[in-house]
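Please walk me through this structure step by step, beginning with a single position in a loop and moving outward from there to the sheet and the helices around it.

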Amino acid sequence: MMTSRRRFLGSAAALAAAAPLSCGSPGGRPAPQDAPGPRPWINHDLHTHTVHSDGAHSIALHVFEARAFELEAIAITDHYTPGSRIAASEEDFNRYLDEIERERSAQNDLIVLKGAEAAALDTAGRITLDERHAAKLEWVLCDLSGGSEGIFRNTPRDKARYAENVVRAYLALCDVPYLNGIAHPFNTGNTNPPALPEDYPPALLRELAAKMAARGKVFDVMNDTIYWFQKSGISPRALTAQYVELVKVFAAAGVLFQVSSDDHRTGLGNTRWSQLVLSRAGVPPRQIVDPSSIKRHPGR
Ligand SMILES: [Zn+2]
């Protein structure tokens, strides 16, 4: 506890957040433990959607808003899945890339990454995005989806088997060389049966954590993770506590983390819960992705 607390004290924002609990606000209410500091601890949002998939805003408005919020970096990661707009044709994909290029080069406030969110098709590492298209992108995430066989599709009735399938799928994703990160890992609470963070066997988690660290696959701590547990019966705070324990396992193995809003409507830059989880898990700043180090390629 003390160790993680001390590590947490490594950033200026954390110092502000760690103000003594006794100096509460008038009326004797203690200051909240995770009160935001003057600047956010992590200032990126590396998983967001626009009208090029199921998001609400144009790329132009997205970039405009992120500049207003004074974010350091965003990744635009529209869905690249069968039936999605950017996967419909080569022209649609290129139009997407061109629009991101145009909007990001028209300003200097913000790093904007050309990204996509692919989906796992099975537990063997097959995904919806191929290497040729990935080569034109700078930030590629992959999540589980309705098409993930043995996971969200034909979910095993046996919870242990289900949890094992999920971890096997993630282990296989580590072998996809053009994948940068796993989007909101363990978002398995809305299935029947649900798999909660505590349902994953620690030995399997450690195996996955070691492989993600070795292959440099980033763990996306997505702000709206509770969305994926609304049917599970777990209380929001219990989910947070369980997710913190999960993150600790990956942090101990040296995995890198990013934060994101997974914005579809109005949440761009909202990573408060993500940062709360990373702080509570004692993840040090050196294990947070540095967007300025991500290679960008102009044009297509
Ligand atoms: Zn997403």
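Gly55 sits in the loop that lies between β1 and α3, in what is a predicted model. Is this glycine buried or exposed? Gly55 counts as buried because 22 other C-beta atoms lie within 10 Å, and the cut-off for that label is 20 or more. Leaving aside residues up to four places away in sequence, Gly55 touches His49, Thr50, Asp263 and His264. One of these partners, Asp263, is 208 residues away from Gly55 in sequence, and yet the C-alpha atoms of the two are 7.0 Å apart in space. Contacts between residues distant in sequence are a feature of the chain as a whole: of the contacts with a separation of 6 or more, 77% are between residues 24 or more positions apart.

From this loop one can step back to the overall architecture. The chain has 9 helices and 7 strands, and 43% of its 300 residues are buried. The 7 strands form an open sheet with parallel pairing, in the order β1-β2-β3-β4-β5-β6-β7. At its edges are β1, residues 44–48, and β7, residues 257–260, each of which pairs on one side only.

The path through the sheet can be followed from the β1 edge. Strands β1 and β2 are paired in parallel over 3 bridges, and within this pair His44 is placed opposite Ala73 of β2. The connection between them involves α3, since β1, α3 and β2 make up a β-α-β unit that is right-handed. How many of the residues of β2 are buried? For β2 the count is 7 of 7, so that the strand is described as mostly covered. The cover extends to both faces of β2, with Ala73, Ala75, Thr77 and His79 buried on one side and Ile74, Ile76 and Asp78 buried on the other.

On the next step, β2 is joined to β3 by 7 bridges, and the two strands run parallel; Ile74 has Val112 of β3 as its bridge partner. Here the intervening helix is α4, and β2, α4 and β3 again make a right-handed β-α-β unit. Helix α4 lies across both β2 (73–79) and β3 (111–120), and its direction is at about 155° to that of β3.

The helices that belong to these two units also meet each other. Two packed helices are described by the angle between their axes and the distance between the axes. For α3 (residues 59–68) and α4 (residues 90–105), the angle is about 35° and the axes are 9 Å apart, with a crossing that is right-handed. On the α3 side the contact is made by Ile59, Ala60 and Val63, and on the α4 side by Glu99, Ile100, Glu103 and Arg104. Sorted by class, this contact consists of 4 nonpolar and 3 charged residues, with no polar ones.

Further along the sheet, β3 and β4 pair in the parallel sense through 6 bridges, and Ala120 is matched with Leu144 in β4. Strand β4, which spans residues 139–144, is mostly covered, as 6 of its 6 residues are buried. Trp139, Leu141 and Asp143 are the buried residues on one side of β4, while Val140, Cys142 and Leu144 are those on the other. From β4 the sheet continues to β5 (residues 181–182) through 2 bridges between strands that run parallel, including the one in which Cys142 has Ile182 as its partner. Between these two strands the chain passes through helix α6 (residues 159–173), in a β-α-β crossover that is right-handed.

The far edge of the sheet is reached through β6 (residues 218–222), which is joined to β7 by 4 bridges and runs parallel to it. Within this pair, Met222 stands opposite Ser260, and Phe219 stands opposite Phe257. The chain makes its way from β6 to β7 through helix α8 (residues 236–252), and this crossover too is right-handed. Which residues are buried on the two faces of β7? On one side of β7 they are Phe257 and Val259, and on the other Gln258 and Ser260, so that both faces are covered. Although β7 is an edge strand that pairs on one side only, both of its faces are thus covered.

Note on methods:
Residues are numbered from 1 along each chain as its sequence is written. This is a predicted model: local features need pLDDT of at least 70, side-chain atom pairs count only at pLDDT 80 or more; totals for chains, interfaces and linings use all residues. Axes are lines fitted to C-alpha atoms, for helices over the stretch in contact, and angles run from 0 to 180 degrees between N-to-C directions. A crossing is left-handed if the near helix is turned anticlockwise from the far one by less than a right angle, and right-handed if clockwise. Two residues are in contact if their C-beta atoms, placed from the backbone, lie within 7 Å. Ala, Val, Leu, Ile, Met, Phe, Trp, Tyr, Cys and Pro count as nonpolar, Asp, Glu, Lys and Arg as charged, and the others, Gly among them, as polar. Two strands pair if DSSP finds at least two bridges between them. A residue is buried if 20 or more other C-beta atoms lie within 10 Å of its own, exposed if 12 or fewer, and partly exposed in between; C-beta atoms are placed from the backbone. A crossover is right-handed if, with the strands pointing away from the viewer, the path from the first strand over the helix to the second runs clockwise.
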